[in-house]
Amino acid sequence: MGGFEGHLYSELSLFFYGLYHARLVSRALICNYPVQYLPRRPWSKGRWARLQQIYCVGLAKILSSFILVAQELHNIQGQFVLISKIYHQRNFLYHKQWQHLTLYTTFFLSGCVDVVSQNLLPQRSPALEQGTQALGMFLILPLMVSHLQDSEGVELRCHVLLIQALFLLLLVVIAELWAPNVRQLWVMKAFFYMIIGSWLIQIGFMLYKPISGHKWMDDDKNDILFVTIFFCWHVASLAILMIWIYGVSFLWYCYIC
């Protein structure tokens with residue numbers, strides 16, 4: 001997530017992933033589906049049939065992780081190493097970059113599991129995909145907590161609010177392992193994914209490209225207080241967006257289809 005571009009790419013990936021789950025939840029609620037995911041289609045014959053039936057969401061995770069890794073490495077000045085060897089000293093370097101690369105690795109592994117579960121296993125395994133999501137959250141949460149060490153002021157408040165949303169999402173995905181068909185959990189998972197994605201977009205603009213043109217000040221209490229206010233606005237706006245998605249889906253599945 002180095003720089004504004006790195007924040008924006010990763011944030012959009014999480015936000016659109018939340019939108020995807022919001023659409024799945026709306027369809028399941030309206031059509032009274034017992035499961036969240038659509039059943040896997042049988043393989044059809046033909047030269048391009050297998051390529052057409054590859055799970056697009058898992059493939060998008062894999063491709064986005066490669067893009068994020070390339071962007072992160074592009075922003076590194078000098079030789080990218082883990083440990084320095086200057087004057088017989090051994091110091092760890094680029095700790096934030098290594099944190100980001102670890103996050104991107106979780107996206108890549110999650111995409112690989114989605115593709116394998118959808119295309120290679122005899123039957124699709126939602127439990128495997130949900131377990132991978134829970135494991136990914138176990139990795140992401142402590143990494144984001146370690147991000148707080150070098151943060152202060154506005155950046156610190158932004159990341160504290162982000163960790164709050166990540167922790168709640170972790171609780172939801174853990175609960176989903178034992179109750180995979182509880183629709184309230186599907187709603188909360190989609191909601192928290194969108195909150196995390198949209199709030200990361202807000203963080204990118206606040207830290208690197210403020211819309212007002214004026215840099216956010218760490219020593220200004222008003223700036224720090226407005227960070228929390230903006231987060232609450234994000235939560236309320238995304239709740240309205242969830243209702244709008246459900247309304248559009250209701251019209252689509254009940255009247256158009």
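Visitor: Which residue forms a salt bridge with Glu 176?
Guide: This is a predicted model, where local features need a pLDDT (the predictor's confidence in each residue, from 0 to 100) of at least 70, side-chain atom pairs count only at pLDDT 80 or more, and totals for chains, interfaces and linings use all residues. Residues are numbered from 1 along each chain as its sequence is written, and side-chain values use heavy atoms, leaving out hydrogens and water. A salt bridge puts a side-chain nitrogen of Lys or Arg within 4 Å of a carboxyl oxygen of Asp or Glu, and a search of the whole structure finds one. Its closest N and O atoms are 3.1 Å apart, and the partner of Glu 176 is Lys 189.

Visitor: How many residues apart are Glu 176 and Lys 189?
Guide: The pair links distant parts of the chain, with Glu 176 in helix α6 and Lys 189 in helix α7. Helices are DSSP runs (H or I, at least four residues), numbered from the N terminus. The separation of Glu 176 and Lys 189 is 13 residues.

Visitor: Are Glu 176 and Lys 189 buried or exposed?
Guide: Buried means under 20% relative accessible area, exposed over 50%, and partly exposed in between (1.4 Å probe, protein chains only). By that rule, both Glu 176 and Lys 189 are buried.

Visitor: Which helix gives the most to the largest nonpolar core?
Guide: A nonpolar core is a set of buried Ala, Val, Leu, Ile, Met, Phe, Trp, Tyr and Cys residues joined through side-chain atoms within 4.5 Å. The largest one has 49 residues, and Leu 162, Leu 166, Ile 196, Trp 199 and Val 227 touch the most other members. At least two residues of this core come from each of α1 (3-31), α3 (56-74), α4 (95-119), α5 (126-146), α6, α7 (183-207) and α8. With twelve residues, the top contributor is α7.

Visitor: Why does Ile 195 count as buried?
Guide: Ile 195 sits in helix α7. Apart from neighbours within four places in sequence, Ile 195 is in contact (heavy atoms within 4.5 Å) with Ala 165, Phe 231, Val 235 and Leu 238. Ile 195 counts as buried because its relative accessibility is 3%.

Visitor: How far apart in space are Ile 195 and Ser 237?
Guide: In sequence, Ile 195 and Ser 237 are 42 residues apart. From C-alpha to C-alpha, the distance between Ile 195 and Ser 237 is 9.5 Å.

Visitor: Which helix gives the most to the nonpolar patch on the surface?
Guide: Such patches join nonpolar side chains (Val, Leu, Ile, Met, Phe, Trp, Tyr) within 5 Å, using residues with over 30% relative accessible area and no salt bridge. Here the members are Leu 29, Tyr 246, Phe 250 and Leu 251, together offering about 330 Å² of accessible area (Shrake-Rupley method, 1.4 Å probe, only the protein chains shown counting as cover for residues). Leu 251 counts as partly exposed because its relative accessibility is 49%. Three residues of the patch come from the main contributor, helix α8.

Visitor: Which helix has the lowest mean pLDDT?
Guide: The protein chain averages a pLDDT of 77, and 76% of the residues score at least 70. Over residues 47-53, however, pLDDT stays under 50. Where pLDDT is low, the predicted coordinates should not be read in detail. Helix α6 (residues 153-178) has the highest mean, 89, while the lowest, 46, belongs to helix α2.

Terms used: Patch = residues over 30% accessible without salt bridge, like charges linked within 9 Å, V, L, I, M, F, W, Y side chains within 5 Å.
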